Amino acid sequence: MDTVDSATLDAAAAAAAKGEAPASVVVNTASLWPPNGSVVFRNVSMRYREGLDPVLKKISFTIHDKEKIGVVGRTGSGKSSLMNSLLRIIDIADPFNEGSIFIGDDNIATIGLDRLRRGLAIIPQEPVLFCGTLRYNIDPFNEHTDDELWNALTLSGLQSVVMNLKGRLVADVEEGGANFSVGQRQMICVARALVRHPRILLLDEATASIDLETDQLIQDTVRKHFQDCTVITIAHRLHTVLDCHRIMVLEAGEIVEFDSPFNLLNLGDEFGSGGVPPLTSSKPSKGSLASLVRDTGKASERKLKAIAKQRESKRRQGQ
Ligand code: ATP
Ligand code: MG
């Protein structure tokens, strides 16, 4: 499933790269659309093909501009399908699907595919780079200066790697990025997202294929440099999303929980109010996140709860 996920996300990036922007004009489309980073699903039911059962079932939610959202759920629960519908890899406007999706207040059915996909940045799970130069891979629409590219490479820890390449920014990238390690390929995608800096970032967290150091670097870079963006992270490891503003838990195509980690883990009693009312919960927690957290083992559970408490402290301090 993970390979399929990455392939679809990469297909989206590749499709976007074949867009019709005039080569010689510098246009920062990211600043044009979407006007804000809100994402709204209204009653969305999604099937992969006519006649199949829906894999998203009447899903409704609102993600606010600049919110950091973690999406979790067991395998097959619909996490990638959510991303696929957002990118219109599967189109909700098809007659066998239902509902509507809004990004930055626009119904995405009314937005051209190229514009839609250029309005979002994607850091896929197992990125496959395009044949061409490194520059083309980081800035496929040729919209940015060398300085901007070097800045993104520095922030993603690739500066010295690229300095040592023959041709540096115009070094050749072999098919699929074979001349780079998996971790470096992932960081090249981070650099691509950094130079574009759109209002919405979709991050499909890597699984076993990536070393922990690179994983940490990705998380740190995203936290630091995408603060002013909406970030939606599909998480395979809970510790990366326990400090999100809210976590969406999917089960068999339905949202069973969507709230702050603090509320979902029922940490109120352990925390004390400190004079500030807890974030109001729209629904009482079903305990799904709590059970996923418990499944990671006692020591890890303690750590995860500590991260959630820290996030709540920050919220109470207005951060
Ligand atoms: P994982 O954690 O394994 O990546 P996921 O939460 O991302 O799982 P999805 O890939 O969204 O789950 O799958 C949700 C459902 O949709 C599953 O039942 C899956 O079998 C089905 N599905 C996924 N991709 C397709 C496809 N291309 N065609 C038909 N059904 C699909
Ligand atoms: Mg998936």
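Strand β10 sends T230, I232 and I234 to one side and V231 and T233 to the other, and every one of these residues is buried. That makes five buried residues out of five, so to speak a mostly covered strand. The model you are looking at is predicted, and this briefing follows β10 outward to its sheet and then to helix α7, which lies across β6 and β9.

**Partners of β10**

- On one side, β10 (residues 230–234) pairs with β3 (residues 68–73) in the parallel sense, over four bridges.
- Two positions of β3 are handy to look up here: G70 has T233 of β10 as its bridge partner, and V71 stands opposite I234 of β10.
- β9 also runs parallel to β10, and five bridges join the two strands.
- Within that pairing, I200 is matched with T230 of β10.

**The sheet as a whole**

- Six strands make up an open sheet, and reading across it gives β6-β9-β10-β3-β11-β12, with mixed pairing.
- At the edges you will find β6 (120–123) and β12 (254–259), each of which pairs on one side only.
- On average, neighbouring strands of this sheet are turned by 20° against each other, with direction ignored.

**Helix α7 and its surroundings**

- Which strands does helix α7 lie across? The helix, residues 182–196, lies across β6 and β9 (200–204), and it runs at about 165° to β6.
- An angle over 145 degrees counts as roughly antiparallel, so α7, at about 165°, is roughly antiparallel to β6.
- The length of α7 checks out nicely: at 1.5 Å a residue its 15 residues should span 21 Å, and the end C-alpha atoms are 22 Å apart, which agrees.
- Since 12 of the 15 residues of α7 are buried, the helix is largely enclosed by the rest of the structure.
- The buried set includes the arginines R185, R192 and R196, along with residues such as M187, I188, V190, L194 and V195.
- Among the elements covering the buried residues of α7 are the strands β6 and β9, together with the helices α4 (134–138), α5 (146–155) and α8 (212–225).
- Just after α7 comes H197, which takes a positive phi of about 45°.

**How α7 meets α8**

- How far apart are the axes of α7 and α8, and at what angle do the helices pack? Their axes are 10 Å apart, and the packing angle is about 10°.
- Angles under 35 degrees count as roughly parallel, and the two helices are therefore roughly parallel to each other.
- From α7, the contact is made by G183, Q186, M187, V190 and L194; from α8, the residues are T214, L217, I218, T221 and H225.
- By type, the residues of this contact divide into five nonpolar, five polar and no charged.
- Q186, M187, V190 and L194 of α7 take part in the contact with α8, and these four are also listed among the buried residues of α7.

**The chain at a glance**

- Overall, the chain holds 12 helices and 12 strands.
- Of its 319 residues, 39% count as buried.
- Among contacts in the chain with a separation of 6 or more, 76% come from residues 24 or more positions apart.

Conventions. Residues numbered from 1 in each chain as written. Chains lettered and ligands numbered in written order. Predicted model: local features only at pLDDT ≥ 70, side-chain atom pairs only at ≥ 80, totals over all residues. Pairing = 2+ DSSP bridges. Axes fitted to C-alpha atoms, helices over the stretch in contact; angles between N-to-C directions. Contact = placed C-beta atoms within 7 Å. Buried ≥ 20, exposed ≤ 12 C-beta atoms within 10 Å, placed from the backbone. Expected span 1.5 Å × (residues − 1). Parallel < 35°, antiparallel > 145°, perpendicular 65-115°, else oblique. Nonpolar A, V, L, I, M, F, W, Y, C, P; charged D, E, K, R; others polar.
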